[in-house]
Amino acid sequence: MVIAGVALLAICTILGSYLGDLLGLTLGVKANVGGVGLAMVMLIAARAWLARRGNLGEGVRFGVGFWGAMYIPIVVAMAADQNVAAAIRSGPMVLVSAFGAVLICFTAVAIVSRLSGPTETIDQIEAREGPLTPKVAQRDNLEGMTK
């Protein structure tokens with residue numbers, strides 16, 4: 001019963017959208033905050049609950065799987081576009097959080113790079129060991145790496 005899988009997806013989408021709107025209203029943002037993510041979590045939880053109870057038939061599994069695969073790239077992209085547009089209209093907080101996230105990522109990359117120790121470039125390795133010849137590549141199982 002593929003229709004039951006589609007119905008389950010629709011119920012989760014409607015509930016997720018409603019809860020995302022409520023969350024946005026609670027936070028004072030004029031947008032759906034996390035509705036798509038909530039819908040996906042509810043879909044995963046509902047599918048697991050049905051499977052545990054033994055009510056997840058082949059048709060339901062197929063309907064949820066097919067539309068879940070379609071749902072993720074399309075609806076998430078649409079919701080992300082709407083959320084970004086609403087966040088930008090809501091004020092400068094989005095810029096502060098964006099710059100903060102980028103700064104945290106750059107700092108984390110620098111810390112991990114320093115903790116990992118010195119690294120060698122391919123030029124330094126070739127200068128030390130010589131160029132990778134077909135014979136060496138075959139010995140080391142790297143046939144596609146020769147020049």
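Why does glycine 5 count as buried? Its relative accessibility is 0%, and buried means under 20% relative accessible area, with exposed over 50% and partly exposed in between (1.4 Å probe, protein chains only). The legends below begin with the whole chain and return to this glycine.

**Figure 1. Overview of the predicted chain.** This is a predicted model, in which local features need pLDDT of at least 70, side-chain atom pairs count only at pLDDT 80 or more, and totals for chains, interfaces and linings use all residues. Residues are numbered from 1 along each chain as its sequence is written, and side-chain values use heavy atoms, with hydrogens and water left out. The protein chain has 6 helices and 0 strands. Helices (H or I, at least four residues) and strands (E, at least two) are DSSP runs, numbered from the N terminus. Of the 147 residues, 18% count as buried. The chain exposes about 11000 Å², with 71% supplied by carbon and sulfur atoms; areas come from the Shrake-Rupley method with a 1.4 Å probe, and for residues only the protein chains shown count as cover. Among contacts (heavy atoms within 4.5 Å) between residues at least 6 apart in sequence, 55% join residues at least 24 apart.

**Figure 2. Glycine 5 in helix H1.** Glycine 5 is found in H1. Leaving out residues up to four places away in sequence, glycine 5 touches Val60, Gly63 and Val64. Its C-alpha atom is separated by 9.6 Å from that of glutamate 58, which is 53 residues apart along the chain.

**Figure 3. The largest nonpolar core.** A nonpolar core is a set of buried Ala, Val, Leu, Ile, Met, Phe, Trp, Tyr and Cys residues joined through side-chain atoms within 4.5 Å. The largest one has 10 residues, including Leu8, Cys12, Met40, Leu50 and Val64. Helices H1 (2–27), H2 (35–53) and H3 (58–90) each give two or more residues to this core. H2 provides the largest share, 4 residues. Leucine 50 is in contact with Leu8, Asn55 and Leu56, its neighbours within four places in sequence aside.

**Figure 4. The two faces of helix H2.** Gly35, Val36, Ala39, Met40, Leu43, Ala46 and Leu50 are buried in H2. Down the helix axis, these buried residues fall within an arc of 140 degrees, so they line one face; the arc is that of the directions from the axis to the C-beta atoms. The face turned away from the buried side carries exposed Val41, Ile44 and Arg52. H2 has 19 residues and reaches 27 Å from first C-alpha to last, close to the 27 Å expected at 1.5 Å a residue. That expected span is 1.5 Å times one less than the number of residues. Glycine 54 follows H2 with a positive phi, near 80 degrees.

**Figure 5. Asparagine 32 between H1 and H2.** Asparagine 32 is found in the loop between these helices. A polar atom of its side chain lies 3.2 Å from the backbone oxygen of serine 17. The asparagine 32 side chain also reaches the backbone nitrogen of glycine 35, at 2.9 Å.

**Figure 6. Helices H4 and H5, each with a glycine after its end.** The 23 residues of H4 (residues 93–115) should span 33 Å at 1.5 Å a residue, and the end C-alpha atoms are 33 Å apart, which agrees. Glycine 117, just after H4, takes a positive phi of about 90 degrees. In H5 (residues 122–129), the number buried is 0 of 8 residues, so H5 lies largely in the open. Glycine 130, just after H5, takes a positive phi of about 90 degrees.

How values were computed. A polar contact is a pair of N or O atoms within 3.5 Å; within protein, one must be able to donate a hydrogen and the other to accept it, and residues adjacent in sequence count only if both atoms are side-chain atoms.
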